[in-house]
Amino acid sequence: MHRCQLPARIVTSLPLACLLAFTAGCCCCMSGSNFSGSSWTPTPSPHIVNVQDANFTSVVLQAEKPTLVDFWAPWCGPCRDIDPAVVAIADEFQDRIDVARLNTTENPTTAGEYEIWAIPTLALFVDGQLVARQQGAPPGETIEDGLRKWLEGRLAKLSPQGDAN
């Protein structure tokens, strides 16, 4: 059974971060997605840390460097689509930013606190504050190109000289 065919009593019991997928259409049926209808786990990377509600403050909000957080869910096709770009950006920007992932299905409290109603959402935190967010893949020739341009633009704004190091 596709998620779009679930009974209303189940849909209404989902965390708020999940509801947009149901109102926008079933993510396992969305055109343009590589999602096959089964759960998946993001690609592991030594430059990406998985965070939960319990450690979000210590890992993200108290980080010394700006932290890019990928809010995702295992049933989200577009989350799967941007996964390779997030890994590439984590590798490329490892000296300038930290990268974290938060599964919104398993950690609805943090997703709700930051009003993450659509996923994937990429959020940039600096000195404990949310300074920028991008819902879905940023526009560009490729997802990676779009994410790189979005992130470079946000990091350039952090320093008066445009140098985010």
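A residue is called partly exposed when its relative accessible area falls between the limits for buried, under 20%, and exposed, over 50%. With that in hand, Glu152 is a good place to start in this predicted model: its relative accessible area is 31%, so the residue counts as partly exposed. Glu152 forms a salt bridge with Arg96, and the closest N and O atoms of the two are 3.4 Å apart. This contact brings together distant parts of the chain, since Glu152 belongs to helix α6 (residues 143-156), while Arg96 sits in the loop between α4 (77-92) and β3, 56 residues apart.

The Glu152 pair has company, for the structure holds seven salt bridges. Side chains of opposite charge can pair when their charged atoms come close. Another example is the salt bridge between the side chains of Asp98 and Lys65, with an N to O distance of 3.5 Å. Here, too, distant parts of the chain are linked: Asp98 is in strand β3 (residues 98-103) and Lys65 is in the loop between α3 (56-61) and β2 (67-72), 33 residues apart. Asp98 is partly exposed, at 28% relative accessibility, and Lys65 is partly exposed as well, at 27%.

A further salt bridge joins the side chains of Arg101 and Asp70, at 3.7 Å from N to O. It connects strand β3, which carries Arg101, with strand β2, which carries Asp70, and the two residues are 31 apart along the chain. Arg101 has a relative accessible area of 3%, and Asp70 likewise comes to 3%. Both values lie under 20%, so Arg101 and Asp70 count as buried. Through shared partners, salt bridges join Asp70, Asp83 and Arg101 into one network.

The strands just mentioned take their places in a sheet. Five strands make up this open sheet, in the order β1-β3-β2-β4-β5, and their pairing is mixed. At the edges lie β1 (48-51) and β5 (129-135), each of which pairs on one side only. From one strand to the next, the twist averages 25°.

Towards the β5 edge, strand β4 (residues 121-126) pairs with β5 in the antiparallel sense over six bridges. Thr121 stands opposite Gln135 in β5. Helix α6, the home of Glu152, lies across β2, β4 and β5 and runs at about 25° to β4. The helix that began this account thus returns at the sheet, where β2 and β5 are among the strands it lies across.

Definitions and conventions: Residues numbered from 1 in each chain as written. Predicted model: local features only at pLDDT ≥ 70, side-chain atom pairs only at ≥ 80, totals over all residues. Heavy atoms only, no water. Salt bridge = Lys/Arg side-chain N within 4 Å of Asp/Glu carboxyl O. Helix = DSSP H or I, 4+ residues; strand = E, 2+ residues; numbered from the N terminus. Buried < 20%, exposed > 50% of the residue type's maximum accessible area, 1.4 Å probe, protein only. Pairing = 2+ DSSP bridges. Axes fitted to C-alpha atoms, helices over the stretch in contact; angles between N-to-C directions. Contact = heavy atoms within 4.5 Å.
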